[in-house]
Every structure is written in structure tokens, then in C-alpha cells.
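Open the model in a viewer and keep the selection tool at hand. The stops below go one at a time.

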Amino acid sequence: MEAISEAKTKQGLLFTLGRHLNRESVFKLSLVAPLQLLLWFLLIIPFIIVIYLSFVKWQPVFGSWTEAPWVWFENFQKLFTEIRFLEALGRTLAIVVIAVTLEFIFALGLALLFTRNFFGKRLFTSVILYPMMLPWVVVGFIFYLLFLDHGLVNSILTTIFGATATISWLRHSVPAMSAIILGDVWQWTPFMFLLLYSGLSALPSEPKEAAMTLGATPWQIFRYVTFPSLKPVILIAIIIRALEAFKIFDLVFIMTGGGPGTATETLSIYIYQIGFRFGQLSYAAALAIVILITVSIVTRLAVRPLFEKEG
Amino acid sequence: MRERSSGRVSAQVALPKRRRWLRWGAHWLIVLVVLLFFAMPVVWLLSVSFKPPQEWQAFPPTVIPRGPTLNNYLLLVNPELPKGSASYMLRVTEPVTKSFINSLIIVPIATLISAMVGFLAAYGVSRYRVGGDFMPFFVLTTRMFPPVAFAVPLLVYYQNLRLIDTRLGMIIIYAGFTVAFSLWMMKGFIDAVPRSVEEAAILDGASRWRVLFTITLPLVKGGLAATALFVFILNWTEFLYALIFTSTRSITVPVQLSHYVGAVGRFYGPQAALGVIASIPAVIFGYLIQRHLVTGFSFGLIRK
């Protein structure tokens, strides 16, 4: 008897709970609650902490971070007079510009090449996709292997031009940067290609044929017909790639570690070294804030319109 | 009619036979060069992974090892293996099994959480516009900034919560920093499902949760699988967070690889072997969702 009534109240409880969960507002809230939880934990609380950290002078060896001395803008002042930071910033931007430009040119050429039908086309398209699936660390290691002093690239150079043509790629700044950029281009050209190729194949063929009938040269067709209608895809591809390339870390870390000296240090590597190798976490926090602000502005200007147009 | 225009349209057909062959040949040559460019680095990685130490940097280089060996792979699992050669004297100090176990625990769990959380939120955004315009874009911020910028404050309070070098800590990070992809990919898939089906079910008296799990979920099952596999690849290959937030107990495969590269110096064979093994799951899953790769990397902006 008791058991039955207990079961009844349990059922009643579940029933009420169920009815509550079913109310529209509760339902909506519980849809996004897990996401909110993650975001608070990984985004909002850290954001508050990073602001706090950037205004104090603190390193893990000093003890508890809650008792660190308040120094106002000292960290930021240090940052803008630090030549190493400015160099790292410049280098990162250089990588972004050079790598993304090369990727775009190669990818566009490839995409145009692949608009023609030829035997084995589908297989080729599939085969060249794999670099973007590889772990970045592995790509870094591969290019490290290739550009070693006795690596494959130097062996090939020796075979063709003789032993004097070899370069200690990873020990000089410009060759090391080129090797890193080549790694990035190798890994991400396929992505760019896939975007442009699917963009190209989605274009209707009528305008092209019309232009042909009117006697336009292939270049004119590309310049005035294909290119303008491909523009949205190109924009998305470039922005996504640029944002990704700006974060570049793994390749550099594995291939050169930022060296020789600081010759290949990118922004991410710089923060890593400062914050996690040398433990100057409050200074690294100031760096992080500068990056957050810069990227937010860029994102606000370039990325949001893309998504809004879509939504 | 109009000789000029017809000449253009059928340019390829009208070319003399020899020129057509030339063109065909040039086209194939370019395609082959491209293929070589993309295949060569990985062929080299595979080749080194099967080479004995004396061939790692030998000149002239050979693609097919002269004395092929499985030692590099075996050493990964059993560092105590008889070395047989002076170059193996620098020994691998730890077997890779630990990092694989860690990766195989952390990555799938984080992926499942990310996909499920993303699915629920995407449903809310797609059907009820929960969080308005702000929330879906706010989620994107997890992907816009260099991860190292998030790592600075996270490290500080992960330390206080004792989450450093734990699998739980990594799972939370991996789930949270891929949820933007899950949300946007799933939003695309859910948007494609007509509302009328759900509305009919609600009119029939089905509860909202029931509709969500018995009607919408089966319809976007394929999309959810693609999303999960995509997120799996991202998490499997992630390096920076793992490097910062793990040290010994819960290192993942990419970190293990970096340890090999950094610590043992000229140890290319086993490093290459580890690189090959680490890439296999990502590549297999990548080809499984080949059609969705572009959608994934562009947050659902571009779909084929």
C-alpha cells in the first residue's frame, strides 16, 4: 500500500517535472543551457580573469594570483615598446599575406584546370584533399624532414646543381620562413581549391556561352564573367584562411620552435614562450587582450557581414 | 553562320590533331606535377618510417627503402626492443601506448559532448531563435582568436581547479572549443528540415522533447554523424591546448609526437612511424565525410 502511494507521488513528481520541462520557455532554455555552461566556463570567466591579470604584475612563482600587486597599464606599456612583439606581429601578418595569396593563386589555377573533364579527375580531386586532414604536427614534422640539412630537398638540390647549392633551410631566417610558408601552402591549398572548385562548378554555364558567342577571349570570359560571380566564394575562402593562418603555431613550433633565435617567431609562439616557458603570465595576458581586440575589430568588419547575409 | 563565333565555340574540336595532342599532354603534365607536389611529402614520410637508421639521411635518397624494416613501428610500442644499430642508442624513453589511450578516451568523449551540445543549441537557434542573433556569433569567438590567448587565463584557473594534466580538463576544453563548428554545421542541417513535419507532430499532441528526439533527430542523423566525425578530426589533431594543459599523465598523440621531435633529436624513423599512425584515423574519417569538409571548415557557410 505504502509502496503504491510512493510510486504514485514519484510518478506525480516526474509528471510535474515533465510538464515543466515541456513549457516552451523552459524547453528553449534547456536547449541552450549546456552550451551556455561551456561558454561561461571556457570563455566568459577566463575573459574576466585575463582582464584582471593584464593589470597586475604576476608570475606563477610569485604565489597566489589573487594577491598580485595592481600595476595598471604597465604591462601594455611594456608591450608596445617591446621590439620582439612588434616583430612577431609583423612576421605573422607577413605569413598570412604571403601564404594566403599563394594558396589563392594555386587554388584558382587548379580549380580552372579541373573545370575541364579528363580521365581520373574525380580520383585526383579526392587524392589531393588529404593534406588538410593531417594533424598540423605531422605536417610540421614532414616539412622538418624535407628541409633538414641532409633532407630530401637538399639532396635533390645537390643532385641537380651540385653540393654548393644546398641551404641550411631551418637555420636561417628567410629560408626557414619560406619552408614554414610552403608547409602552410601545401596543407591548405587543397581547402582553397575545394572551395573555389565547388564554387566554379555551381556557376551556370549560360553567361559563359553567351560571352563566347559574342567573341570574348578566354581571359575576358574569366575576368568579366567567371570572376565576378565567384567573388563571394573567394571572399569567404580568403577570410577563413586568413583568420586560420593568423593563429599559426604548430608548424612553426615543430619546424623551428621560433628559431633560429627569434627569427621565425610568430605571435602565438611569442605568447607561448613568454607566458608558458618564462611564466610571465600577466604580460602574456596583456598580449592576449591586444590580440583579442585587434581580431575582434577585424572580425566585426570582415566576417560578420558574411554570416548575416547567409542568415 | 558567323564563322568567327563558331570558331571560338568549337576551338577544341577544330584544332589540328597534333596541337590537340600537345594540349592534352600539357594538361596531363600539369596534373601530374600537382599530384607529385601533394603526394611527395607523405610518400617521403612513409618511406622514412620503414627505413633503418643508416638510410634516414642517406645520399642519394631513395623512396623505396633498401633495407625495409618494421623496427620503427615496433619501437613505438616496445622501447626495450634490441636496437641493433648505433643510431638506436638514443632510445625512446616512453612507449606511445599511454598517449594513444589518452587520445582515445579524451577525443571521442569530447566529440560526443560537442556534437550533442551543438545539436541541441542549433535546434534552439534554428527553430526558436534562442539567444537571438547574438549567441551564435558569440560562439564563433571561440574559433576566431588564437587559442594561445585563451590558454593564458584558462591555465590560471585550471590550476586552481586542479584540472591541469587531467583527462577531464582536456575533455572540457576540446568540447568547448569545437562546439562552434557543431552548432553552425548542425544549424545548416536542421534548417534544411521542413518545420511542417514537427508542427504536425506537435498538433498531434507530442511533447517538444519527443518531437526533437523522435522526429528531428532521425532526419538529421547523417548530418550529426558528419559533424561528429569532423569534430573528431579537429580534436584528434589539436596540439596547442594539449601542449599547454597536459604534461605527463594525460598527454595526447600530437604532444607525444612533439616530444619525440624535440627531445630525442635525430630519431627520424620512429618519429615518422608515429606520424603515420597518428594521421591514419584523421585521414580515414576525413575521406568518410569528404563531401562535408568544406561545409565544416567554413562553419556551414558554403555547402556543396
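How many Å separate the centres of domain 1 of chain B and domain 2 of chain B, taken over C-alpha atoms? The answer is 33 Å in this predicted model. To see the two parts, colour residues 3-83 of chain B as domain 1 and residues 97-297 as domain 2, following the domain assignment.

Next, select the place where these domains meet. Here 12 residues of domain 1 of chain B are in contact with 9 residues of domain 2 of chain B. On the domain 1 side, helix 3 (17-49) and helix 4 (71-77) of chain B each supply at least two residues. Helix 4 of chain B gives the most to that side, with 5 residues. By type, the domain 1 side divides into 9 nonpolar, 2 polar and 1 charged.

Now select helix 5 of chain B, residues 97-128. Put a distance between its end C-alpha atoms: they are 46 Å apart. With 32 residues at 1.5 Å a residue, the helix should span 46 Å, so the two values agree. The residue that follows helix 5 of chain B is B:Arg129, and its phi is positive, near 50°.

Show both chains for the next stop. In the contact between them, 80 residues of chain A meet 78 residues of chain B. Helix 2 of chain A (residues 24-54) provides the largest share of the chain A side, 16 residues. That side of chain A is made up of 64 nonpolar, 11 polar and 5 charged residues.

Then go to the largest nonpolar core, which has 174 residues. A:Leu196, A:Ile271 and A:Ala288 have the most contacts inside this core. Helix 8 of chain B (residues 167-191) gives the most to the core, with 16 residues. Both domain 1 and domain 2 of chain B give residues to this core, so the core lies between them.

Centre the view on A:Ile271. Which residues is A:Ile271 in contact with, leaving aside its neighbours within four places in sequence? They are A:Ala284, A:Leu287, A:Ala288, B:Val148 and B:Ala149.

For the last stop, select A:Phe278, in the loop between helix 12 (267-277) and helix 13 (281-302) of chain A. Is A:Phe278 buried or exposed? A:Phe278 is exposed, because 12 other C-beta atoms lie within 10 Å and a residue with 12 or fewer counts as exposed. Add A:Gln59 to the selection: its C-alpha atom is separated from that of A:Phe278 by 8.8 Å, although the two residues are 219 residues apart along the chain.

How values were computed. Residues are numbered from 1 along each chain as its sequence is written. Chains are lettered from A and ligands numbered from 1 in the order in which they are written. This is a predicted model: local features need pLDDT of at least 70, side-chain atom pairs count only at pLDDT 80 or more; totals for chains, interfaces and linings use all residues. Two residues are in contact if their C-beta atoms, placed from the backbone, lie within 7 Å. Helices (H or I, at least four residues) and strands (E, at least two) are DSSP runs, numbered from the N terminus. Ala, Val, Leu, Ile, Met, Phe, Trp, Tyr, Cys and Pro count as nonpolar, Asp, Glu, Lys and Arg as charged, and the others, Gly among them, as polar. A nonpolar core is a set of buried Ala, Val, Leu, Ile, Met, Phe, Trp, Tyr and Cys residues joined through C-beta atoms within 7 Å. A residue is buried if 20 or more other C-beta atoms lie within 10 Å of its own, exposed if 12 or fewer, and partly exposed in between; C-beta atoms are placed from the backbone. Domain bounds come from an automatic or database domain assignment. The expected span of a helix is 1.5 Å times one less than its number of residues.
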